[in-house]
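Please open the structure in your viewer and keep the selection tool at hand. The tour proceeds by selections, each followed by a description of what is found there.

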Amino acid sequence: MNIAIIGADGQLGSDITAALRKSGIGVTELLRDKVEISDRYSVNSIINKELNIELVINTAAFHHVEKSELDPVTSFNVNGAGAANIAYACRALDIPLMHISTDYVFDGRGKKPYTESDLPNPVNVYGNSKLTGEYLIRSITDKSYILRLSGIYGRNICIEKGYNFVDKILKIGEEKGEVKVVDDEVLTPTFTEDIAEQILLMITKKAEYGIYHVSAEGGCSWYEFTKEIFNIKDNGVKVNKALPGEFSGGVQRPAYSVLENKHLKDLGLNIMPHWKDGLKRYIRSYR
Ligand SMILES: NC(=O)c1ccc[n+]([C@@H]2O[C@H](COP(=O)([O-])OP(=O)(O)OC[C@H]3O[C@@H](n4cnc5c(N)ncnc54)[C@H](OP(=O)(O)O)[C@@H]3O)[C@@H](O)[C@H]2O)c1
């Protein structure tokens, strides 16, 4: 089996690449020097019969939330039209597309974990552009997997942002001895190696097409997450609560975006661990 991964050198893409290769699946890495997803000609020139692939996984996105708000055109070109370009190319080859989406498709007014059948209602440009990508893919091909993730961190830093939250807060804590973090945004931070293993299982078990929530179990605020980071490190860093919205960059975000992996659970395929478990493995292995 040979699978093409767009964004294979990214935070998530690199872990998916590693997990698939380790299990003996061939991976064709489609990096930015080979493909620009917002350009239909670029996509069609690379995703064609010569590539000899059975599935495309798209991890590429314009996902810096503040930059998206300032540049909606690029956001929709990449996250909306870009997703559509890949879907058209996959449809022409009659192969499926696995596309990475986000918890930011929800407005965050919910009080319990969102399932795949809850109605999206994004509150910012990034969320709207990602939801547009989902809708376009589903209108172009019926052979798609749309995977919504929440607050990801991994061994390789997020290229778009230049850091991941865990490493950034560890660095500040080690430099200053204390940190300040918001307590008014609840989500499920998820280790990318766990997502990669879940994706591998979905592929090997030939999961049905559709929308999937793929996040760790449980939920926490950024403040609670940070408390747990320094609890594991046990280095005496003090964690303070920031004022609501203090680090929002002026952009509205969902206050509650915990995802329930209902589709995976219904199929008996959910292997996502609790967020505390993923965090412990991440810090012990890499930090
Ligand atoms: N970060 C989060 O907390 C979070 C939460 C939920 C969902 N997600 C979703 O998770 C996915 C992966 O995120 P990540 O953190 O792994 O991202 P990342 O580290 O920034 O990697 C993205 C990869 O995509 C490539 N790329 C970006 N724009 C492209 C374009 N227009 N054409 C072709 N390639 C392009 C990048 O190439 P370059 O090296 O050239 O930039 C990079 O290889 C995204 O779809 C994001 O929306 C992220």
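**Around the ligand**

Begin with the ligand and the shell of residues around it, which by class holds 12 nonpolar, 11 polar and 4 charged residues. Please bear in mind that this is a predicted model. In total, 27 residues surround the ligand, and the closest are Gly7, Gly10, Arg32, Ala61 and Glu160. Two or more residues of this shell come from each of the elements α1, α4 (72–93) and β4 (97–102). Which element gives the largest share of the shell? That element is α1, with 3 residues.

**The first strands and the helix between them**

Next, select strand β1, residues 2–6, together with strand β2, residues 26–30. The two strands run parallel and are joined by 5 bridges. To see one position in this pairing, select Ile3, which stands opposite Val27 in β2. Now add helix α1, residues 11–22, to the selection. With β1 and β2, helix α1 makes a β-α-β unit, and this unit is right-handed.

**Further strands**

Keep β1 in view and select strand β3, residues 55–58. Strands β1 and β3 run parallel, with 4 bridges joining them. Which residue of β3 is the bridge partner of Ile3? It is Leu55. Ile3 thus serves as a landmark on β1, since it also stands opposite Val27 in β2.

Continue from β3 to β4, a strand already met in the shell around the ligand. Here 3 bridges join β3 to β4, and the strands again run parallel. Select Val56 and then its bridge partner in β4, Leu97.

**Helix α8**

Now move to helix α8, residues 222–233. This helix has 12 residues and reaches 17 Å from its first C-alpha to its last, close to the 16 Å expected at 1.5 Å a residue. Select its buried residues: Trp222, Tyr223, Phe225, Thr226 and Ile229. Turn the view to look down the axis of α8: these buried residues fall within an arc of 160 degrees, so they line one face of the helix.

Finally, select Asn231, which is also found in helix α8. Why is Asn231 classed as partly exposed? It has 14 other C-beta atoms within 10 Å, and a residue is partly exposed when this count lies between the limits of 12 or fewer for exposed and 20 or more for buried. To end the tour, select Ser139 together with Asn231: their C-alpha atoms are separated by 46 Å, and the two residues are 92 residues apart along the chain.

Key. Residues are numbered from 1 along each chain as its sequence is written. This is a predicted model: local features need pLDDT of at least 70, side-chain atom pairs count only at pLDDT 80 or more; totals for chains, interfaces and linings use all residues. Two strands pair if DSSP finds at least two bridges between them. A crossover is right-handed if, with the strands pointing away from the viewer, the path from the first strand over the helix to the second runs clockwise. A residue is near a molecule or strand if its C-beta atom, placed from the backbone, lies within 6 Å of it. Ala, Val, Leu, Ile, Met, Phe, Trp, Tyr, Cys and Pro count as nonpolar, Asp, Glu, Lys and Arg as charged, and the others, Gly among them, as polar. The expected span of a helix is 1.5 Å times one less than its number of residues. The arc is that of the directions from the helix axis to the C-beta atoms.
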